[in-house]
Structures are given as C-alpha cells and as structure tokens.
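Please examine the sequence and the model shown below. The paragraphs that follow lead through its helices, its open and enclosed spaces, and several individual residues.

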Amino acid sequence: MSTTADPLAALGALPGVADSVDSVRKAVDRVYGHRVMRRRSHAVTSEAALRGARGSAALSGADWPLEEVRRRSDFSGAGGDDEARTVGAALRLTAEAGQLLSIWRQSPLRVLARLHLVAAADNGDTVGRPRQGGEPVDEPLVELPLPDAQEVAGRLEGLSGLIIAGGSAPALVTAAVVHGELLALRPFGSHNGLVARAAERIVLVGSGLDPKSICPAEVGHAEQGRAEYLAALEGYASGTPEGVAAWIAHCGRSVELGVRESTAVCEALQRGAA
C-alpha cells in the first residue's frame, strides 16, 4: 500500500481504477432509478440479501441452487453436513451486516470479531478474535501463503486505522481493500472468506454507494467463478500496482453483476412474477 497520507485514495489513481469506479457508480445509479425501487425497495433488498448469501456460500464451497437456499430452514449441519453449515453462516452474516453499520467506522475490529462470532455460531475460545501464533486456519480454498499472527495483528491495526480516519477514497476502492486484506490475512481460524465478503458489503452500504443493500457483490464474485476470484486475490496479495488494480477491477465487475441481478429482480417484480 502507498505511504501517502491517504493510501486508499492513492489506490484510486492506479491505472484503470477510475474507470472501474465510474462504471460501478453509473450501474448503481441505474438500478436505484428503476421504478420498482420507488415502491418495493424492501422486496429487492430482501432478495438481494438471499442471493448475496448464496453467492458467498458458493465461493466457500457450498454452491447450492438459489431455490434450495430459499426452501431450506435447517442449516445446523446435522449429520456432518458442512455445506449446510456454510450456507447457514452466510445467511446469518448477511442479516447481521446491516446491524453493524453504525459501529464500523468507529470500531471495525469489533465488527469483524462480531462477524466471525456470528459465522462460527460457537462460543469456543478461538471464536471472535484474531488467531494467535500456532493456531490453525481452516480455509482450504485459499492457498496463498499464510501470514503469521504478528503480521496479522499489525495489518489489522493498520486497516482499522485507515477506516477510522476516513478519507477521500471511493467506496469501491475501500471495499475491495477491506475484502482483499481480510482474505489475504485470514485472521480467524475459520470462515474468513464469508467474513471478508460481509465486510465488503458493509463498506459498500455504509459508504452510501449502495445504501439499501441491493447490489450484492457476492453474486458477481460467484458468477465470475472461484478460479478467477482466487487469481484476482493473488494479484492483490502480490502488492504490485497492477495486481491491486486488477483486484479492484474484479470487485467492481462483481458489483456490476450484482446490479444486473437486482435489475432482473426489479423487472420480475414489475411483471408481478416475483
């Protein structure tokens, strides 16, 4: 990251990032201008939450059809069903994220701890806090080198400081950095991908870019595919300007695909088909 006074804003000057930011802003404005949003925005928000949770779970290895997620009521994972637990965690995080917006700008580390606690649905002594030296991480789909606990603590403090300080960085840039940093660090013993994507959602909503939470980036990440997602993440973790810019662009495309999904929901509601 840049060493300027506002390093997140500096990332906005990377080649191609301004174009991604502009494209996302226009896409979001279009769906917010849809006539259905004037009357049934709550229905669009609810559907976006469901589809976003499904997308996030898919990226964590539980790629269920949307209608199965909609139909199921038991996500306890009885009988060793890890996929059901993953889907349940994604749904809980999506519901919880909206309750944490007011806390995020003052205490992002507290929010991250809460997100992990909600995802894990466990009261164990490793839940809801960053991992300590020697503790394992269960995140098999991410194969990047794992930073040690000391590096994790330092980078989390740095990220928290940037968020609390605010700045002029576009929402897309901040959301992408939060998402990428959390997934590269994997600060918790489990559910890091789910937590990272929930934190991205919090930034996009809390920044005012997507205040009604109708543009589920998780849908777009899943639609682009796990291989492309992980390749873009590798670029971010490399720390090169090109790699970071490519990750931000990937996140921007994910938001745009989320917009496309919610536009389709609006069209269906307008036809009376949903």
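**Helices, spaces and single residues**

Helix α11, which covers residues 217-224, and helix α13, which covers residues 241-271, have axes that come within 6 Å and cross at roughly 110 degrees. Angles of 65 to 115 degrees count as roughly perpendicular, and α11 and α13 are therefore described as roughly perpendicular to each other. On the side of α11, the contact is made by Ala217, Val219, Gly220, His221, Glu223 and Gln224. On the side of α13, the residues in contact are His250, Cys251, Arg253, Ser254, Val255, Leu257, Gly258, Arg260 and Glu261. Sorted by class, the residues of this contact comprise five nonpolar, six polar and four charged. The reader should bear in mind that this is a predicted model.

The open space of the structure may be considered next. The largest pocket holds about 560 Å³ of space. Its lining consists of 28 residues, and those nearest the centre of the pocket are Ser60, Asp82, Thr86, Asp138 and His191. Which elements give two or more residues to this lining? They are α5, α7 (108-120), α10 (192-206) and α12 (226-238). The largest share, six residues, comes from α5. In terms of class, the lining of the largest pocket divides into 14 nonpolar, six polar and eight charged residues.

One residue of this lining deserves separate attention. Thr86, which is among the residues nearest the centre of the largest pocket, belongs to helix α5, residues 82-97. Is Thr86 buried or exposed? A residue counts as buried when its relative accessible area is under 20%; the value for Thr86 is 16%, and Thr86 is therefore buried. Apart from residues up to four places away in sequence, Thr86 touches Ala57, Ser60, Ala62 and Leu194. Of these partners, Ser60 is also one of the residues nearest the centre of the largest pocket.

From the pocket, the account turns to the enclosed spaces. The structure contains two cavities of 30 Å³ or more. The largest cavity has a volume of about 70 Å³. Its lining is formed by Gly52, Ala53, Ser56, Ala90, Leu93, Thr94, Ala97, Leu194, Arg197, Ala198, Arg201 and Glu218. Helices α3 (37-59), α5 and α10 each supply at least two residues of this lining. By class, the lining of the largest cavity has six nonpolar, three polar and three charged residues. Leu194, which lines the largest cavity, is also among the residues that Thr86 touches.

The second largest cavity has a volume of about 50 Å³. Its lining residues are Arg197, Glu200, Arg201, Leu204, Val205, Asp210, Cys215, Pro216, Ala217 and Glu218. Helices α10 and α11 each supply at least two of them, and the largest share, five residues, comes from α10. The lining of the second largest cavity divides into five nonpolar, no polar and five charged residues. Arg197, Arg201 and Glu218 appear in the lining of both cavities. Ala217, which lines the second largest cavity, also takes part in the contact between α11 and α13.

Ala198, one of the residues that line the largest cavity, lies in helix α10. Its relative accessible area is 6%, and Ala198 is therefore buried. Leaving aside neighbours within four places in sequence, Ala198 is in contact with Leu93, Ala97 and Leu115. Among these partners, Leu93 and Ala97 also line the largest cavity. Ala198 and His179 are 19 residues apart in sequence, and their C-alpha atoms are 8.4 Å apart in space.

The final topic is the backbone angle phi. Most residues other than glycine have a negative phi. Ala121, however, has a positive phi, near 50 degrees, in a residue other than glycine. Ala121 lies in the loop between α7 and α8, the latter covering residues 149-165. With a relative accessible area of 57%, Ala121 is exposed. Arg186 likewise has a positive phi, about 45 degrees, although it is not a glycine. The place of Arg186 is in the loop between α9 (171-185) and α10. Is Arg186 buried or exposed? Its relative accessibility is 3%, and Arg186 therefore counts as buried. Of these two loop residues, then, Ala121 is exposed, whereas Arg186 is buried.

Conventions. Residues are numbered from 1 along each chain as its sequence is written. This is a predicted model: local features need pLDDT of at least 70, side-chain atom pairs count only at pLDDT 80 or more; totals for chains, interfaces and linings use all residues. Side-chain values use heavy atoms; hydrogens and water are left out. Helices (H or I, at least four residues) and strands (E, at least two) are DSSP runs, numbered from the N terminus. Buried means under 20% relative accessible area, exposed over 50%, partly exposed in between (1.4 Å probe, protein chains only). Contact means heavy atoms within 4.5 Å. Axes are lines fitted to C-alpha atoms, for helices over the stretch in contact, and angles run from 0 to 180 degrees between N-to-C directions. Angles under 35 degrees count as roughly parallel, over 145 as roughly antiparallel, 65 to 115 as roughly perpendicular and the rest as oblique. Ala, Val, Leu, Ile, Met, Phe, Trp, Tyr, Cys and Pro count as nonpolar, Asp, Glu, Lys and Arg as charged, and the others, Gly among them, as polar. On a 1 Å grid over the protein atoms alone, a cavity is a set of points where a 1.4 Å probe fits but cannot get out, and a pocket is an open set with protein on both sides within 12 Å along at least five of seven lines; lining residues have an atom within 4 Å of a point. Grid points are joined across faces, edges and corners, and a volume is the space filled by probe spheres set on the points.
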